[in-house]
Every structure is written in C-alpha cells, then in structure tokens.
Amino acid sequence: MEPATQLIVGGRSPFASVATVNPPVFRGSTVVLDTYEELRKAAAGTYDGVSYGTERFPAQRMLEDAMRGLEGAALTRAFPSGIAAIQHALMAFTKAGDHVVLCDNAYSPGRSFARSILSKFGIEVGSCPSAVGADLVEYLKPNTVLVLLESPGSNTFEIQDLRAVAAVCRDRGIVSILDNTWATPFYLDAFGLGLDATIHSVTKYISGHSDVLLGTVSVGPRLAPILDDYYKTCELFAPFEDCHLALRGLRTLQVRLKQHESSALEIARWLEGVDLVGEVIHPALPAHPQHELWKRDFTGSSGLFAFTFKADHPDERIAAFMESLRLFRMGFSWGGFQSLVTAGRYRREHGSQYEGRTVVRLSVGLEDPRDLTRDLEQAMANLR
Ligand SMILES: *Cc1c(COP(=O)(O)O)cnc(C)c1O
C-alpha cells in the first residue's frame, strides 16, 4: 500500500463500543454504512440508525431522552441555544394566518423574534399580562393557535395561573408552551399541570457551569409527530460537545439546585431586613404577589430572584453599587456556580408594578451565602 493510502486507511478499527459512564463526543458529518440496503433506506429516510451528522449523535439522543423522561414528555429535541428553541417552537406549530399570544414577561428576544420575523410570514402576534390566568380568554382571537408562557418571568418574576391557562388552551385546541427554565423539571411538573410543551434554556441550571449554550423543546403526544417532522425537515441538530457537557451537568442538577435554592432564600430573607431595600421579588417569599400560586404549583425555587431599592437612585449610584460588588459579577445569563448580577428598568405592554424602577437581579451561585450577603452589604454602602 502506498503512503498516501496508508494515511487514509491506517488506525481505522472502530472502538466505539467502549462503555464509558459518560458518552464520548462523536464529531462527524459522514457515517459509513455497511450494506447497499442501509444506504437505500437512509436515502429514503427509513433507516433506524444514524446515517449522517445531522441525525443527532448519541450524546444528543441521550440528553434528549434524559430530559424527556424527567419531564414526562413524549418527545424532546435539542437546539443550539434556548433562544433557538423558542424560535423553532414558535415556527413548528404555526402557519400564515394564525395568531399567537406571548406573555408580557416572556424572554424578550423571543418576543422580538415573533414581532419582527413571524410577522413577515403572516402570523399575527399579540400579548397577555405577566400574571395571566383564566383571563387569558380576553386576549385570544378566533385564529389563536399558540400561547407562550414563562413562569416566573426571569426579570420581574410574575407567576401565571398555569392550570387555568392550560385549561383555557385545551378547550380551544390552542398549543400552550411554558418556558420552564427557572424551575427546571425538578421544581415544576409542566405536563402534569396540563401544558402541551416546555422550553428549557439548558444553558442555565441544567448545564450549570456557564460554558454551554443549548436549549430543548419537549412536547406531549399530540405535538410529538409535528415536532419530530419539523426537526427532521430542517435537519436541525445541537452542537456535539455542548450535548456532552449538558448531559454531564444534568447528572448533578438536583444537588446543585438544592444549594442554589437554600442560598438564594437565605440572601432574599436577609435583603428583606435591609433598610435600603424596597421589594424582594422572590416567588417563595410570602410577600410575593403570586406566592399562593407558586405554593400550589411549584415544589421548590431556584437561585434567581430580584429586588428593588426604596429610593429611586440615579444611574451613577446604581453603577457604583454594581461595580463595587466583588463576588456577584456583572453578566447576562444565570444558573451557574458563579454568582451574577444584572439591573434594569423593565417596561411591560400591560403594565407592571415595577415600571420605571430599577430592578436588581441576582443569580445566586454556589459560593457560601454568608460571603455573598457580606458582598451585598459592602456594596450598599455606596447608596447610603
Ligand atoms: C436565557 C434564557 C433563554 C435563552 O437561552 P440561551 O441559551 O441563552 O439562548 C430563554 N428563556 C429564558 C427564561 C432564559 O433565561
């Protein structure tokens, strides 16, 4: 054999069956097939195995299957990010002439996508209030086919009456989708409450280490064939390494989440006693406007919450507060071991009790909560 050929054929015996606990990362486009029958089936779309790199390599399939099982869904598909999961869920279940309703506190890039892109394809986009329940009927039209919810919303933390919304949608054949990123499947059983589909930004708690971008859409039996066809037709797939890392993160979700929960509650309760603080916006605190709904539907709380200040501090003072934090780092996203802080003023189409006020959002990480409260305390000196 000539050297050029040896370069290609040497070292090719397959070791794919080594049974590591975590699956290996497969990288690839072409998958070589053994028989002509397999090739013909793959071309016809009837081959059972994986015949190309776009057909969801093992780590992706395992991640999807783990999420599907955890949620009690019929089908889960992974997407390259949470926002991609939202965009594709909106496209998979709609067509020209339809009307969709997006909850006012849903992830804002998803709402922007609907307004600027879905509308180009003849889909009407409406909205409903952040704490919607049975009053959803007021925001529906005869052509409404989909309602997108996020509970609690990840900046202002309003809770929707998910049971009431699911019942309204079920009666009318409307697809109800919940972005369940905050609670994760551990703290909210979306399908048990009667919702049709969930979205997760796997980027957050599920991957848990701020080094992955990934999303999932999970659906019940009615929508499973639609999502399956849509995903296949678009030849979508999720990045190979990210699926591997997300699956690895998923294994420790429960222990991490419990620590995020207890640390966040400790800090939230401490903040309630700080004289400078206005509202502490945490669904698990009795002062939260929809605390009773949270108690009814959720079995726990995660590490993301917010607070306001009593005084309306000018932006320079807020900047001094934010920039003097040492353990809470300024940055978007959340759900990782590193504590993070953002602040902003949020506008809602249907109004908000926090309108025009600065809302400081904390993602409580895995540092000792005593150090985190000390960090907040020293930074607040800038506001005194
Ligand atoms: C971050 C986030 C998303 C988007 O996820 P990415 O993976 O960052 O694109 C969607 N929904 C919620 C609630 C989020 O917090």
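A cavity is a set of grid points where a 1.4 Å probe fits but cannot get out, and its lining residues have an atom within 4 Å of a point. The model described here is predicted. In this model, the count comes to one cavity of 30 Å³ or more. The largest cavity holds about 50 Å³ of space.

Nine names make up the wall of this space. Pro24, Phe26, Phe57, Pro58, Ala59, Gln60, Ala238, Phe240 and Cys243 line the largest cavity. By class, eight of the lining residues are nonpolar and one is polar. None is charged. Phe26 and Cys243 count as nonpolar because Phe and Cys belong to that class. Two helices each supply at least two residues of the lining: α3, spanning 58-71, and α9, spanning 240-250. The most comes from α3, which gives three residues.

The ligand has its own set of neighbours. There are 15 residues around the ligand. Those that come nearest are Gly82, Asp179, Ser201, Thr203 and Lys204. Side-chain contacts with the ligand involve both nitrogen and oxygen atoms of the ligand. Asp179 places a polar side-chain atom 2.6 Å from a nitrogen atom of the ligand. For Ser201, a polar side-chain atom lies 2.8 Å from an oxygen atom of the ligand. Trp334 also takes part, with a polar side-chain atom 3.1 Å from a ligand oxygen atom. On its own, the ligand has 380 Å² of accessible area, and the protein covers 93% of this.

Gly82, one of the residues nearest the ligand, is also among the buried residues of helix α4. This helix runs over residues 82-92 and is mostly covered. Eight of its eleven residues are buried. They are Gly82, Ala84, Ala85, Ile86, His88, Ala89, Leu90 and Ala92.

Helix α5, residues 108-116, contains Gly110. Gly110 has a relative accessibility of 0%, so this residue counts as buried; the cut-off for buried is under 20%. Ala84, a buried residue of α4, offers a point of reference for Gly110. In sequence, Gly110 and Ala84 are 26 residues apart. In space, their C-alpha atoms are 8.8 Å apart.

Technical notes
Residues numbered from 1 in each chain as written. Predicted model: local features only at pLDDT ≥ 70, side-chain atom pairs only at ≥ 80, totals over all residues. Heavy atoms only, no water. 1 Å grid on protein atoms, 1.4 Å probe; cavity = no way out; pocket = protein on both sides within 12 Å on 5 of 7 lines; lining within 4 Å. Points joined across faces, edges and corners; volume = space filled by probe spheres on them. Helix = DSSP H or I, 4+ residues; strand = E, 2+ residues; numbered from the N terminus. Buried < 20%, exposed > 50% of the residue type's maximum accessible area, 1.4 Å probe, protein only. Near = heavy atom within 4 Å. Polar contact = N/O pair within 3.5 Å; in protein donor to acceptor, adjacent residues only side chain to side chain. Areas by Shrake-Rupley, 256 points an atom, 1.4 Å probe, with all protein chains shown as cover.
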